[in-house]
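User: Hi! I have a chain here and would like to go through the reasoning behind its structural labels. Could you take me through them one at a time?

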Amino acid sequence: MPVILSGFELVPLDDVDSTNDEAKRRAEAGAASGTLVWTRRQSSGRGRRGRVWESPYGNCYSSLILRPRTTVAEAAQVSFVAALAVAEAVAALVPAGRKVTCKWPNDVLIDGAKCAGILLESRSGAAGIEWLVVGVGINVASAPAGIEYPATSLAAAGATASVEHVLERYAARMSHWLERWRNEGFGAVRSAWLGWADGLGQPVRVRLGDATLVGLFESLDEAGALVLATPDGGRRRVAAGDVFRAA
């Protein structure tokens with residue numbers, strides 16, 4: 001059984017539809033902030049925009065319930081908190097020489113291939129966020145094939161860590177970065193994330209719902225939006241989209 005830091009309460013499961021769905025049910029029932037739902041398999045795992053997240057045994061699937069006293073916009077910053085936690089955990093487990101990066105807005109890559117994804121879901125009320133669920137999937141033993149963006153696993157990158165060890169590493173770094181976010185604000189998180197950013201300063205394509213933008217990935221703004229330097233010399237702020245390296 002993984003050893004998780006105090007402040008988190010581990011809920012271990014063998015099989016569930018989705019850790020995010022289970023965490024949301026528990027949050028609605030009053031589960032405390034810090035409840036960490038972990039399963040060995042998901043039957044209906046989900047990624048961003050309703051995409052299927054293949055969830056066989058051997059990989060790490062978890063969802064953390066938080067109850068931050070913050071606005072919906074500020075709660076979205078936790079995606080970058082989680083990305084930092086995953087990136088640092090993964091970097092400590094793969095062999096030296098492997099390049100771990102964070103792909104905007106919420107993926108972690110090893111040598112340019114996706115090894116982890118993050119899905120935030122929340123409920124808000126008149127006073128702000130009632131609960132926030134931070135779902136994280138990390139490819140430990142295997143990765144899906146035949147998908148649009150290349151995927152990899154820690155095992156394929158040369159890591160030998162167990163799922164339990166991966167969860168322990170992630171939870172420890174998540175605790176660290178949540179504390180810094182609470183105490184220092186998004187500025188500290190933004191600065192650290194940019195140090196891991198994939199494609200920073202490079203040409204990228206940003207696919208929106210109805211258009212594709214091309215430009216240089218210049219930075220993140222103070223809210224976490226991608227700042228794109230466009231060919232006409234302008235700047236475009238992108239709050240949501242899919243980023244790809246430009247050919």
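Analyst: Happy to. Buried residues make up 51% of the 247 residues in the chain. Please keep in mind that this is a predicted model.

User: What makes the chain as compact as a globular protein of its length?

Analyst: The radius of gyration is 17 Å, and the globule rule gives 18 Å for 247 residues; the two values are close, so the chain is as compact as a globular protein of that length. Along the principal axes, the C-alpha trace spans about 55 × 45 × 30 Å. The chain contains five helices and twelve strands. Of the contacts with a separation of 6 or more, 64% are between residues 24 or more positions apart.

User: And what about the surface: how much of the accessible area belongs to carbon and sulfur atoms?

Analyst: Carbon and sulfur atoms hold 50% of an accessible surface that comes to about 11,000 Å².

User: Why is Cys115 not counted as part of a disulfide with Cys102?

Analyst: A disulfide needs two cysteine sulfur atoms within 2.5 Å. The sulfur of Cys115 is 9.4 Å from the closest cysteine sulfur, that of Cys102, which is too far for a bond. The search of the whole structure gives zero disulfides.

User: Why is Cys102 called buried?

Analyst: The label needs a relative accessible area under 20%. Cys102 has 0%, so Cys102 is buried. Cys115 also has 0%, so Cys115 is buried by that cut-off.

User: Which residues have the most contacts inside the largest nonpolar core?

Analyst: They are Val134, Ile138, Tyr170, Met174 and Trp193, in a core of 63 residues. Helix 3, residues 78-93, supplies the largest share of this core, with twelve residues. Leaving out residues up to four places away in sequence, Trp193 touches Phe80, Ala83, Leu84, Cys102, Lys103, Trp104, Phe217 and Leu220. There is also a second, separate core of eight residues, and Val11, Ala27, Ile65 and Trp131 are among them.

User: How do you know that Glu88 and Arg173 meet in a salt bridge?

Analyst: The cut-off is a side-chain nitrogen of Lys or Arg within 4 Å of a carboxyl oxygen of Asp or Glu. For Glu88 and Arg173 the N to O distance is 2.7 Å, and the pair meets in a salt bridge. The two belong to distant parts of the chain, with Glu88 in helix 3 and Arg173 in helix 4, 85 residues apart. Helix 4 covers residues 163-184. Arg173 touches Ala85 and Ala89 as well as Glu88, not counting residues up to four places away in sequence.

User: Why does Arg173 count as partly exposed?

Analyst: Partly exposed lies between the 20% and 50% limits. Arg173 has 28% relative accessibility, so Arg173 takes that label.

User: What makes the pair of Arg98 and Asp111 a tie between parts of the chain?

Analyst: Their side chains meet in a salt bridge, at 2.8 Å from N to O. Arg98 is in the loop between helix 3 and strand 4, and Asp111 is in the loop between strand 5 and strand 6, so the pair ties together parts that are 13 residues apart in sequence. Arg98 is partly exposed at 37% relative accessibility, and Asp111 is partly exposed at 40%.

User: Which residues do salt bridges that share partners join into one network?

Analyst: That network is made of Asp17, Glu22, Arg25 and Arg26. Within it, the side chains of Arg25 and Asp17 meet at 3.0 Å, N to O. Arg25 is partly exposed with 42% relative accessibility, and Asp17 is partly exposed with 25%. Over the whole structure, the search gives 18 salt bridges.

User: What is the phi of Asp111, and what is the omega between Trp104 and Pro105?

Analyst: Most residues other than glycine have a negative phi, and most peptide bonds are trans. Asp111 has a phi near 50 degrees, which is positive in a residue other than glycine. The peptide bond from Trp104 to Pro105 has an omega near 0 degrees and is cis. Pro105 sits in the loop between strand 4 and strand 5.

Note on methods. Residues numbered from 1 in each chain as written. Predicted model: local features only at pLDDT ≥ 70, side-chain atom pairs only at ≥ 80, totals over all residues. Heavy atoms only, no water. Buried < 20%, exposed > 50% of the residue type's maximum accessible area, 1.4 Å probe, protein only. Core = buried A, V, L, I, M, F, W, Y, C linked by side-chain atoms within 4.5 Å. Helix = DSSP H or I, 4+ residues; strand = E, 2+ residues; numbered from the N terminus. Contact = heavy atoms within 4.5 Å. Rg over C-alpha atoms; globule rule 2.2 N^0.38 Å. Areas by Shrake-Rupley, 256 points an atom, 1.4 Å probe, with all protein chains shown as cover.
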